[in-house]
Amino acid sequence: MDLGIAGRTALVCGASKGLGFGCAEALVREGVNVVIVARGAEALTAAAATLSKAAAGHAAAPFVKQVAADITTSEGRAAVFALHEDFDIVVTNAGGPPPGDFREWDREAWIKAVDANMLTPIELIKATVDGMAARGFGRIVNITSSSVKAPIDILGLSNGARSGLTGFVAGVARTPLAAKGVTINNLLPGSFDTDRLKGTLAGAAQKTGKDVEAIRAARQKSIPGGRFGTPAEFGAICAFLCSMHAAYMTGQNVLVDGGAYPGTY
């Protein structure tokens with residue numbers, strides 16, 4: 001299915017690997033120009049090389065540009081917009097804060113979590129939506145977490161910061177921006193086969209003394225889908241939300257978790 005976005009230009013954050021890379025790859029395969037940003041220069045360069053190969057196979061010959069920067073800082077965002085000013089698509093994505101006991105989190109820990117997982121997406125939205133509205137097309141997809149729907153006690157920093165972003169998006173997505181072709185949605189991943197998940201499983205194995213493969217199998221068994229998702233699957237959903245076909249979807253929280261969340265119907 002042609003998503004109707006070939007020739008558009010996207011900013012994809014945290015795109016050196018994992019879910020961010022999956023989104024960037026899906027967009028490039030649709031002929032979208034991409035600017036990818038991440039802190040690790042080496043991994044980012046490798047990701048850009050892979051994406052460039054995918055871009056070469058599309059008739060639109062999209063470009064792939066990279067910025068090694070911390071998007072959660074004003075300097076990092078300035079570096080991105082110095083390279084390319086106008087974006088039709090923005091995919092926000094920042095690593096989640098560490099787990100722990102809320103009694104141990106001081107003000108600095110909370111500010112860091114809110115800055116990365118709430119305020120940074122808001123700053124990117126502020127910087128791009130008016131230009132999108134003026135051009136009559138815009139797509140913003142915020143990668144958040146399934147914990148917004150099903151909070152996890154040890155992920156209080158993430159629960160709080162990402163829920164704050166969710167509340168903000170619920171309001172701004174329903175302003176007159178919607179009538180000007182700009183949609184803002186949140187994409188909520190459950191358990192996906194990424195380095196972050198592997199680290200979590202390894203940590204659980206170390207803490208419990210159990211075999212990591214046994215923990216992995218048990219975790220997969222708890223998911224109705226019977227497996228973890230892949231970055232490519234996640235990216236395909238992101239690309240759809242960025243497409244012409246999703247023009248009537250805005251202000252939504254799209255949960256992608258293999259049926260793991262026991263929500264109401």
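**Helix packing and sheet architecture in the predicted model**

The axes of helices α1 and α8 come within 7 Å and cross at roughly 55°, which makes α1 oblique to α8. The structure described here is a predicted model. The crossing of α1 past α8 is right-handed. On the α1 side, the contact is made by G18, L19, G22, C23, A26 and L27, and on the α8 side by P231, F234, G235, A236, C238 and A239.

Within α8, which spans residues 231-241, the buried positions are F234, G235, C238, A239 and L241. These residues lie on the same side of α8, because they cover an arc of only 155° around the axis. The buried residues of α8 pack against α1 (18-29) and against four strands, namely β4 (89-92), β5 (138-143), β6 (182-189) and β7 (253-256).

A second helix pair involves α1 and α2, the latter comprising residues 41-56. Their axes are 8 Å apart and the packing angle is about 25°. With angles under 35 degrees counted as roughly parallel, α1 and α2 are therefore roughly parallel to each other. As α1 passes α2, the crossing is right-handed. Residues F21, A24, E25, V28 and R29 of α1 meet A47, T50, L51, A54 and A55 of α2 in this contact.

The sheet is open and consists of seven strands in the order β3-β2-β1-β4-β5-β6-β7, with parallel pairing. Strands β3 (64-68) and β7 stand at the edges with a single partner strand each, so one side of each is left without a neighbour in the sheet. From one strand to the next, the twist averages 15°. Helix α4, formed by residues 107-135, packs on the sheet and touches β1 (9-13), β4, β5 and β6. The direction of α4 makes about 165° with that of β5. Helix α5 (residues 156-172) lies across β5, β6 and β7, and runs at about 155° to β6. Angles over 145 degrees count as roughly antiparallel, so α4 is roughly antiparallel to β5 and α5 is roughly antiparallel to β6.

Strand β2 illustrates the pairing in detail. The strand covers residues 33-38 and is joined to β3 by five bridges, the two strands running parallel. Residue V35 has K65 as its bridge partner in β3. Five bridges also join β1 to β2, again in a parallel arrangement, and the bridge partner of V12 in β2 is I36. In general, strands of a sheet pair through backbone hydrogen bonds, either parallel or antiparallel.

Strand β2 is mostly covered, with six of its six residues buried. In a regular strand, the side chains alternate between the two faces of the sheet. In β2, N33, V35 and V37 point one way, whereas V34, I36 and A38 point the other way, and all are buried.

Residue Y261 is located in the segment after β7. The relative accessible area of Y261 is 31%, and this residue is therefore partly exposed. When residues up to four places away in sequence are not counted, Y261 touches K149, A150 and L255. The C-alpha atoms of Y261 and S147 are separated by 9.3 Å, although the two residues are 114 residues apart along the chain.

Notes
Residues are numbered from 1 along each chain as its sequence is written. This is a predicted model: local features need pLDDT of at least 70, side-chain atom pairs count only at pLDDT 80 or more; totals for chains, interfaces and linings use all residues. Side-chain values use heavy atoms; hydrogens and water are left out. Buried means under 20% relative accessible area, exposed over 50%, partly exposed in between (1.4 Å probe, protein chains only). The arc is that of the directions from the helix axis to the C-beta atoms. Contact means heavy atoms within 4.5 Å. Two strands pair if DSSP finds at least two bridges between them. Axes are lines fitted to C-alpha atoms, for helices over the stretch in contact, and angles run from 0 to 180 degrees between N-to-C directions. Angles under 35 degrees count as roughly parallel, over 145 as roughly antiparallel, 65 to 115 as roughly perpendicular and the rest as oblique. A crossing is left-handed if the near helix is turned anticlockwise from the far one by less than a right angle, and right-handed if clockwise.
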